Structures are given as C-alpha cells and as structure tokens.
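User: I should like to learn how to read the features of a structural model. Please take me through them in turn.

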Amino acid sequence: MPDKLLIHDYYDLLNRGAWFRAIPEDLKTELLNLAQIKALRTGEFLFQRGDKPAGIYAVVKGSLRVAGVNENGKEAILAFVEPPNWFGEIALFDRLDRTHSALAESPTTLLHLPQKGLETLLAAKPHFWRDFGVLLCFKLRLAFRAVEDATLLPAPLRLARRLVVMAEGYGDFSGQARRVIHIQQEQLGMMLGVSRQTVNQILKELEQKGLIATSYGEIQILDMDALKSQAGMLE
C-alpha cells in the first residue's frame with residue numbers, strides 16, 4: 001500500500017508531459033494502479049538490445065541513456081530520457097525483442113507497467129489502444145525528423161536543433177522548457193555522429209553569440225528564442 005500511495009503522488013509530475021496529460025482520466029488511473037516502482041543505480045542497465053519485452057516505463061527521477069553499440073564497440077546515443085517521459089511502447093505492439101539498450105546516467109527511479117498487466121488491460125478495454133498508438137506515433141514523428149535533419153542539415157544546425165529538442169523534453173514537456181541540459185560534449189557528438197572537437201567548436205560559437213553557456217557536463221540555454229532562430233525552428 002505505501003508504494004501505491006507513492007505512485008499516485010507522481011500524478012502531477014506525469015501530468016506535465018503532453019501524452020499523459022492528454023489521455024483519459026480513467027486510463028491514467030489504470031496505469032497508476034498497474035505501476036510498480038523500479039530504482040536503478042548509475043550505470044545499471046534497465047534492459048539491453050535483444051532482451052524480451054517486459055512492459056513500458058515512465059521516468060520520475062534521474063535520467064536514462066538510450067543507445068545502440070555496433071560490433072566494434074562504437075556507441076550511437078539516441079536520446080536521454082528524463083521525467084516525465086514514457087518509453088518502451090514499441091514492444092507493447094509487436095512483442096519483439098528490445099531494439100536498443102537503456103542504462104541509468106544517474107540514480108534513477110521509474111514507474112514500470114508490466115507487459116502482462118498492460119495486455120490484460122487492453123484486452124478488456126481495447127479502446128485504450130489508440131492512446132498507446134498516439135505515443136508510438138509521437139516517437140515516430142521525432143525519428144522521421146531526426147533522419148531528415150541528419151540527411152539535409154549541416155552539423156551546426158543539427159546541434160542547435162538537438163539542444164532545443166532536449167530542452168523541450170523531445171516535445172513532451174508542457175510549459176517552460178528546461179534551461180539546463182546535463183550532457184557531456186562527447187555524448188552530444190555520439191547523438192549527432194560528429195566528433196567531440198566539432199561539438200566543442202559549435203558550442204563555442206553559440207556561446208560567443210550569447211545563446212548558451214557551457215560548463216563541465218552541462219549546457220545552459222540563455223536565449224531560447226535566439227537558439228531556435230539559429231536552428232531554423234522559428235517561422
């Protein structure tokens with residue numbers, strides 16, 4: 001019972017996210033009733049590529065790095081998942097193995113909705129499938145934009161856009177965007193497929209323009225509108 005009371009205490013935090021805020025109240029209640037609290041230590045894997053599906057997750061504290069590693073050990077970082085983001089929904093639809101790995105960047109707390117419980121819920125109330133489809137489509141749109149940007153845009157624009165997207169919680173934050181992004185320059189390079197030296201040069205140029213300030217392991221956004229303009233994201 002104490003865990004369930006704590007889980008429902010996360011309602012306000014989760015409701016800051018666009019997806020959770022938009023779903024019906026009865027689905028919100030069902031999800032919180034299904035949820036289990038899971039804690040990870042820094043560097044601990046939540047799951048790895050090839051693992052069997054175990055449900056979906058919401059981050060309520062900390063940060064997860066979602067990435068893939070090739071046979072030579074080179075890592076490609078897809079995203080950093082932070083509160084109040086939800087993830088893991090692909091395997092809810094296709095029941096196939098995990099496509100990427102997720103590990104804790106810092107001590108992290110998640111709400112875990114087990115696969116079996118979700119499937120039972122959706123079998124009893126199939127109209128909720130659409131809400132999970134919306135979550136999946138939201139991620140698909142982000143992926144399409146990232147592929148287009150990688151093909152068409154030079155590194156400075158891609159980096160500026162990635163900072164904006166991360167500050168806005170990959171489009172899932174409501175209200176004001178975050179002003180501080182916790183990320184190392186090498187990790188930002190892994191996300192964009194460029195070297196740390198290239199990232200450092202671009203960040204210095206943005207800093208000279210007064211758009212950001214950098215310190216070890218973090219980037220502070222000083223002028224969001226100007227950064228969006230730099231990224232070509234303002235009409």
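Analyst: The dialogue below takes the features up by topic.

User: What should be known about the model and its numbering before starting?

Analyst: This is a predicted model, in which local features need pLDDT of at least 70 and side-chain atom pairs count only at pLDDT 80 or more, whereas totals for chains, interfaces and linings use all residues. Residues are numbered from 1 along each chain as its sequence is written, and side-chain values use heavy atoms, with hydrogens and water left out.

User: Where does UniProt place the feature "domain: Cyclic nucleotide-binding"?

Analyst: The UniProt record, an unreviewed entry, places this domain at residues 19-122. UniProt positions are given here in the numbering used for the model, feature names are shortened, and annotations may be inferred rather than shown by experiment. Over residues 19-122 the chain is 26% helix and 39% strand, with its end C-alpha atoms 18 Å apart. Helices (H or I, at least four residues) and strands (E, at least two) are DSSP runs, numbered from the N terminus.

User: How does one read the burial pattern of a helix, and which residues of helix α4 are buried?

Analyst: An α-helix has 3.6 residues a turn, so residues three or four places apart point the same way. In α4 (residues 25-34), the buried residues are L27, K28, L31 and L32. These buried residues line one face of the helix, because they fall within an arc of 135 degrees when seen down the axis of α4. The arc is that of the directions from the helix axis to the C-beta atoms. Buried means under 20% relative accessible area, exposed over 50%, and partly exposed in between (1.4 Å probe, protein chains only).

User: Which accessibility classes do R130 and R161 fall into?

Analyst: R130, found in helix α7 (residues 129-152), has a relative accessible area of 62% and is therefore exposed. Its C-alpha lies 9.8 Å from that of I23, although R130 and I23 are 107 residues apart in sequence. R161 is placed in helix α8 (residues 155-167) and, at 21% relative accessibility, counts as partly exposed. The C-alpha atoms of R161 and G17 are separated by 20 Å, with these positions 144 residues apart along the chain.

User: How is strand pairing read, and which strands pair with β4?

Analyst: Strands of a sheet pair through backbone hydrogen bonds, either parallel or antiparallel. Two strands are taken to pair if DSSP finds at least two bridges between them. Strand β4 (residues 64-69) runs antiparallel to strand β5 (residues 75-81), to which six bridges join it. One bridge partner is A79 in β5, which is matched with V66. On β4 there is also antiparallel pairing with strand β7 (residues 101-104), over four bridges, and A67 has S101 of β7 as its bridge partner. Five of the six residues of β4 are buried.

User: What is the order of the strands in the open sheet of four?

Analyst: The order is β1-β8-β3-β6, with antiparallel pairing. β1 (36-40) and β6 are the edge strands, each pairing on one side only. Strands β3 (residues 55-61) and β8 (residues 108-114) are joined by six bridges, and G55 has P114 in β8 as its bridge partner.

User: Which backbone angles deserve attention?

Analyst: Most residues other than glycine have a negative phi, and most peptide bonds are trans. R95, in the loop between α5 (90-94) and β7, has a positive phi near 60 degrees. At 57% relative accessibility, R95 counts as exposed. A cis peptide bond, with omega about 0 degrees, joins P83 and P84; P84 is in the loop between β5 and β6 (86-87). In the hairpin formed by β4 and β5, which has five residues between the strands, the turn residue G73 has a positive phi of about 85 degrees.

User: How is empty space found, and what is the volume of the largest pocket?

Analyst: Rolling a probe the size of a water molecule over the atoms shows where empty space is left. On a 1 Å grid over the protein atoms alone, a cavity is a set of points where a 1.4 Å probe fits but cannot get out; a pocket is an open set with protein on both sides within 12 Å along at least five of seven lines, and lining residues have an atom within 4 Å of a point. Grid points are joined across faces, edges and corners, and a volume is the space filled by probe spheres set on the points. The largest pocket has a volume of about 1400 Å³. Its lining comprises 44 residues, of which L78, A79, K139, L142 and A143 lie nearest its centre. Helix α7 gives the most to this lining, with 12 residues.
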